[in-house]
Amino acid sequence: MALEMKGEYALPVEQAELWHLLNDPEVLAKIIPGCNTVRSLGPDRYEMGMKIQVGSVSGEYLGSVLIVDKQEPAHYVMMIEGQGSIGFMKGSAVFDLDAQEDGKSVLRYAGSAEVGGVVAGVGQRVLSGVAKFLAGRFFKALEKHIEQSKGGPGDAAAS
């Protein structure tokens, strides 16, 4: 079953800093929903473990991530493959980071994935909804990480 996603998200950080965050495996491990491990396998190549729940179907995935077509600080493509107890996933996503005049950035993304196994049985509409939900959680977690690193509202010490 094929899935397609695209969108954009404005973030309160300069383009160069956003680039750094999106290329830091420790940051990615914190902000990717369901991610429980990220291990470097070499330059721009990672192994990732995730726990995912789609409707009543849940399971763990072990996959690989490869970053290609890097054009610092504005563009890269992420290639992802994963297998787990509930199926498989293979896809790619294009990320474009645009600097704004106010010192902020806009992250535009477009991706597609092929999903199979038990997880595909929940249906296209449910999977599309879950994908949008996970993308929203990713961006909210990234924004919170940015605020915490600046000592802003998301900072636990400020609460």
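## Exercises on a sheet-and-helix chain

The chain has three helices and seven strands. The model is a predicted one, so please keep that in mind as you work through the exercises.

### Exercise 1: The overall layout

Task: Find the order in which helices and strands follow each other along the sequence, then decide how the radius of gyration of the chain compares with the globule rule.

Solution:

- Step 1. Walk along the chain and note each element; the pattern that comes out is β-α-α-β-β-β-β-β-β-α.
- Step 2. Take the radius of gyration, which is 16 Å, and set it beside the 15 Å from the globule rule for 159 residues. The two values are close, so the chain is as compact as a globular protein of that length.
- Step 3. For the extent in space, use the principal axes: the C-alpha atoms fill a box of roughly 45 × 40 × 30 Å.
- Step 4. Turn to the contacts with a separation of 6 or more: 49% of them join residues 24 or more positions apart.
- Step 5. Finish with the surface. The chain exposes about 8,900 Å², and carbon and sulfur atoms supply 53% of that area. Of the 159 residues, 39% count as buried.

### Exercise 2: Rebuilding the sheet

Task: Work out the order of the seven strands in the open sheet and say which strands lie at its edges.

Solution:

- Step 1. Start with β2 and β3, which run antiparallel and are joined by six bridges. One pair to look up is Ser40 with its bridge partner Tyr46 in β3.
- Step 2. Continue to β3 and β4, an antiparallel pair with 10 bridges; here Gln53 has Ser58 in β4 as its bridge partner.
- Step 3. Add β5: strand β4 (residues 57–71) pairs with strand β5 (residues 75–84) in the antiparallel sense over nine bridges. Ile67 stands opposite Met78 in β5.
- Step 4. β5 and β6 also pair in the antiparallel sense, over 10 bridges, and Glu81 has Lys90 in β6 as its bridge partner.
- Step 5. Between β6 and β7 there are 12 bridges, again antiparallel; Phe88 stands opposite Gly116 in β7.
- Step 6. Put together, the order reads β1-β7-β6-β5-β4-β3-β2. The edge strands are β1 (2–11) and β2 (35–42), each of which pairs on one side only.
- Step 7. As a last check, compare the strand directions: neighbouring strands are turned by 20 degrees against each other on average, direction ignored.

### Exercise 3: Reading the turns

Task: For the hairpins of this chain, find how many residues lie between β2 and β3, and between β6 and β7.

Solution:

- Step 1. The hairpin of β2 and β3 has two residues between its strands, and Asp44 in the turn has a positive phi of about 60 degrees.
- Step 2. β3 and β4 form a hairpin with two residues between them; in this turn Gly55 has a positive phi of about 60 degrees.
- Step 3. Two residues also lie between β5 and β6 in their hairpin.
- Step 4. In the hairpin of β6 and β7 there are five residues between the strands, with Gly103 in the turn at a positive phi of about 80 degrees.
- Step 5. Stay in the loop between β6 and β7, where Glu101 is found. Its relative accessible area is 89%; the cut-off for exposed is over 50%, so Glu101 is exposed.
- Step 6. Now look across to Glu14: its C-alpha atom and that of Glu101 are separated by 9.4 Å, although the two residues are 87 apart along the chain.

### Exercise 4: Helices and core

Task: Identify the strands that helix α1 lies across, and find which helix gives the largest share of the largest nonpolar core.

Solution:

- Step 1. Helix α1 (residues 15–22) lies across β1, β4, β5, β6 (87–99) and β7 (105–116), and runs at about 165 degrees to β6.
- Step 2. α3 packs on the sheet as well, touching β1, β3 (45–54) and β7; its direction makes about 25 degrees with that of β1.
- Step 3. Move on to the largest nonpolar core, which holds 39 residues. Leu11, Leu18, Leu22, Phe95, Leu107 and Leu142 touch the most other members. Helix α3 (residues 124–149) supplies the largest share, seven residues.
- Step 4. Zoom in on Leu22: leaving out residues up to four places away in sequence, Leu22 touches Leu28, Tyr76, Leu97, Leu107, Phe138 and Leu142.
- Step 5. For context, nonpolar side chains tend to be buried together in soluble globular proteins.

Definitions and conventions
Residues numbered from 1 in each chain as written. Predicted model: local features only at pLDDT ≥ 70, side-chain atom pairs only at ≥ 80, totals over all residues. Heavy atoms only, no water. Core = buried A, V, L, I, M, F, W, Y, C linked by side-chain atoms within 4.5 Å. Buried < 20%, exposed > 50% of the residue type's maximum accessible area, 1.4 Å probe, protein only. Helix = DSSP H or I, 4+ residues; strand = E, 2+ residues; numbered from the N terminus. Contact = heavy atoms within 4.5 Å. Pairing = 2+ DSSP bridges. Axes fitted to C-alpha atoms, helices over the stretch in contact; angles between N-to-C directions. Rg over C-alpha atoms; globule rule 2.2 N^0.38 Å. Areas by Shrake-Rupley, 256 points an atom, 1.4 Å probe, with all protein chains shown as cover.
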